[in-house]
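Biologist: I have just opened this model and would like to know how its labels are earned. Could you walk me through some of them?

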Amino acid sequence: MSLAPEFKVVFQPSGRMVYVLADTTVFEAAARAGLMLQTPCGGRGSCGKCRVRVVAGDVAPSAACRQFFSAAELQQGMRLGCQVRLVSDAVIDVPAASLYESAAARILTDGQAHDLHVQAMVEKTWVQLAAPTMADPAADLMRLERVLGPLRIKLSLLRQLPAKLRANNYGGTAVVCNGDLLDFEPGDTTSSSFGVAFDLGTTTIVAVLLDLNSGAEIGVAATMNPQVNNGDDVISRICAARDSQANITAMQDAVIQACNALIRQLSRDHGVQPRHIYEVTIAGNTTMQHLFCGITPAALGEMPFAPAFSRALVLWACEAGIRLEVNEHARLYVFPNIGGFIGGDTVAGILATGLWDCKDTVLLVDIGTNGEIALLHQGKISTASAAAGPAFEGARIVNGMRATSGAIEKVVFNGNDLQMNVIGNALPIGMCGTALIDLVAELLRLEVIDCTGRIVTADEVPQLPEAIRQRLHEADAQVNVLLCSAADSGTGEALYLYQKDVRELQLASGAIRAGINIMLSRLNLTADDLDSVLLAGGFGNFIRRRNACRIGLLPALPLARIRFVGNAASAGAKAALVSRKLRAIAEQVATAAEHVDLSMDAEFQMEFAMAMMFPQQ
Ligand code: FES
């Protein structure tokens, strides 16, 4: 393994730290640290939204930086994150305004930020009611309704209401969510109103604690979806659900426990009382949303893949089988689904990226085990899902692994040999999906892999640098590419890219690209008609666009037209929590969006076979 120098980069104020190869952009290093900078210009250096301040380290300003910043600002370390590269250890300050994710009160549409009017469904109002008298013996609930308007109330809260009112001399804070009285609290607690937005992924669950008064993000926590014990993709979970009701109950219990653990962690870390959390939003794919609610997704396993529900569900967080650890009368909003394999996470992504209010032709792609594709053209949104399989997650790759410590996450050819970056500055124990794409793209450029996906022998590429030649090992009539020797590996065994790994990547990439091609051709469009391609999701935000284009996963467009939009599902779940307007739009989007079933398209198999071939260049 080539031991390329790596630099330690610490981001302030979060304190997040990563190790990166020389020449990595600050934008890329920040993304690796989980900090997504805004890039409305696609990293061209023309918007100035990705600004950071270099506190320590040698980060030379680019020509674009000199246009944006005065000499004094440059002297203070101001730089454009997309334009500058790391050539030493560094400490970088990231202003909140430069972060995509922390822009909780803003959503992005084709490069323009729309201010989001924060108006949560939950409203807290301090009231002082008059006590009943002989002259006015009106009922307790009526006294509240005189001030707040008509209210629905759960019987359990109505039982508590007389005592709550009398204990505080008829003064206190009423908590109302869309006409439902959720609580009546002693004193003025109007400043303590919180909600939690969940991005419920097949692999990971992300929870964001939000202040419902300001829309501000208080904290983020994430965990693995424990349902991975029932398989790493939605099909496995559907099969498990079809096997028995006990499996459904177990998967629901597991995910509810995981969500409760995240709520506890966020409450504890940020000093928020769970009883002051009044609403939870859930955005996940259709199967995840069904299982969260304890609803069987069995019908999603057979044609015509009809879900049990598509419109949004507005439930009680304590409803049978759910029992989230929040206020006992808290509300739960489950996003609407578009179809069996286009779920609330896609609706949330459309919401967050502002596709519903955009005039351009835009492709939104969430690359994962299930690749979700939304195409906006002339104001209409069509959606599809492509079963890519788990190769991008590192599964079914011999030395594949998830993007955790010890994973090779980046591979570059430096003119002589391959350089690799390992997460956590550890010895490598495998490679994750981004490295797989990088590696195959570099080997295509070196002509070590041909357009059919075959790894050729060293003799077939006479001009190959010696270091690369040394990496090509023949075994069982196939050629494998050595990533690192047994001595350099954390497992004590050599790590290779095998021929079958390339085939797995072709299947995954081909499924998504075939989906994109069919979606475009249905509307008589070509890739050149796309004003922008938005990459969403935990994986999509880490891939190198140039390499994704090289392997054919994405159309070969100018890179400035391909933009990262962070965790759009999470951003959408947050938006629905703090904006009743956007929540209404989510429901309109789910109803209006067209669901294209790729498996029913006569062209799909042909398109898929062609898309599995790597582009010739
Ligand atoms: S200037 Fe860096 S993303 Fe626009």
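Modeller: Gladly! The α and β labels come first: helices are DSSP runs of H or I with at least four residues, strands are runs of E with at least two, and both are numbered from the N terminus. Please keep in mind that this is a predicted model. With those labels, P307 can be placed in the loop between α8 (286–293) and β16 (313–316).

Biologist: Why does P307 count as partly exposed?

Modeller: Buried means under 20% relative accessible area and exposed means over 50%. P307 has 26%, so it falls in between and counts as partly exposed.

Biologist: Which residues is P307 in contact with, leaving aside its neighbours within four places in sequence?

Modeller: Contact means heavy atoms within 4.5 Å. By that rule, P307 touches T286, H290, L300, G339 and G340. You can also look from P307 to D597: they are 290 residues apart along the chain, and their C-alpha atoms are separated by 14 Å.

Biologist: What makes R323 and N169 count as exposed?

Modeller: Exposed needs a relative accessible area over 50%. R323 has 56%, so it passes, and N169 passes because it has 57%. R323 sits in the loop between β16 and β17, while N169 is in the loop between α5 (155–167) and β10 (171–177). Neither is a glycine, yet phi is positive in N169, at about 55 degrees, and in R323, at about 45 degrees.

Biologist: What kind of peptide bond joins M303 and P304?

Modeller: A cis one, with omega about 5 degrees. P304 belongs to the loop between α8 and β16. The bond from Q12 to P13 is cis too, with omega near 0 degrees, and P13 lies in the loop between β1 (6–12) and β2 (16–21).

Biologist: Let's turn to the helices. Why is α6 called oblique to α7?

Modeller: The axes of α6 (residues 234–243) and α7 (residues 245–270) cross at roughly 130 degrees and come within 5 Å. Roughly perpendicular covers 65 to 115 degrees and roughly antiparallel starts over 145, so an angle of roughly 130 degrees is oblique. The contact is made by R237, A240, A241 and D243 of α6 with N247, I248 and M251 of α7. By class, that contact has four nonpolar, one polar and two charged residues.

Biologist: Now the sheets. What makes β2 and β4 (78–80) edge strands?

Modeller: They belong to an open sheet of five strands with mixed pairing, in the order β2-β1-β5-β3-β4. Two strands pair if DSSP finds at least two bridges between them. β2 and β4 each have a single partner strand, so one side of each is left without a neighbour in the sheet. On average, neighbouring strands here are turned by 35 degrees against each other, direction ignored.

Biologist: How do you know that β3 and β4 pair?

Modeller: They are joined by three bridges, and at least two are needed, so β3 (residues 51–57) and β4 count as paired, in the antiparallel sense. R51 stands opposite L80 in β4.

Biologist: And what order do the strands take in the open sheet of six?

Modeller: They run β14-β13-β12-β15-β17-β16, with mixed pairing. β14 (217–224) and β16 are the edge strands, each pairing on one side only. Neighbouring strands of this sheet are turned by 20 degrees on average, direction ignored. Inside it, β15 (residues 277–284) and β17 (residues 331–334) run parallel and share four bridges, so they meet the two-bridge requirement. I282 stands opposite V334 in β17.

Biologist: One more label. Which residues touch the most other members in the largest nonpolar core?

Modeller: F11, F392, L497 and L553, in a core of 102 residues. To belong, a residue must be buried, which means under 20% relative accessible area, and be joined to the others through side-chain atoms within 4.5 Å. Helix α12 (residues 499–522) gives the most to this core, with 10 residues. F392 has contacts beyond its sequence neighbours that include I367, L505, I512, F539 and L553. Apart from this core lies another, of 47 residues, with V362, L364, V578 and V589 among them.

Conventions: Residues numbered from 1 in each chain as written. Predicted model: local features only at pLDDT ≥ 70, side-chain atom pairs only at ≥ 80, totals over all residues. Heavy atoms only, no water. Axes fitted to C-alpha atoms, helices over the stretch in contact; angles between N-to-C directions. Nonpolar A, V, L, I, M, F, W, Y, C, P; charged D, E, K, R; others polar. Buried < 20%, exposed > 50% of the residue type's maximum accessible area, 1.4 Å probe, protein only.
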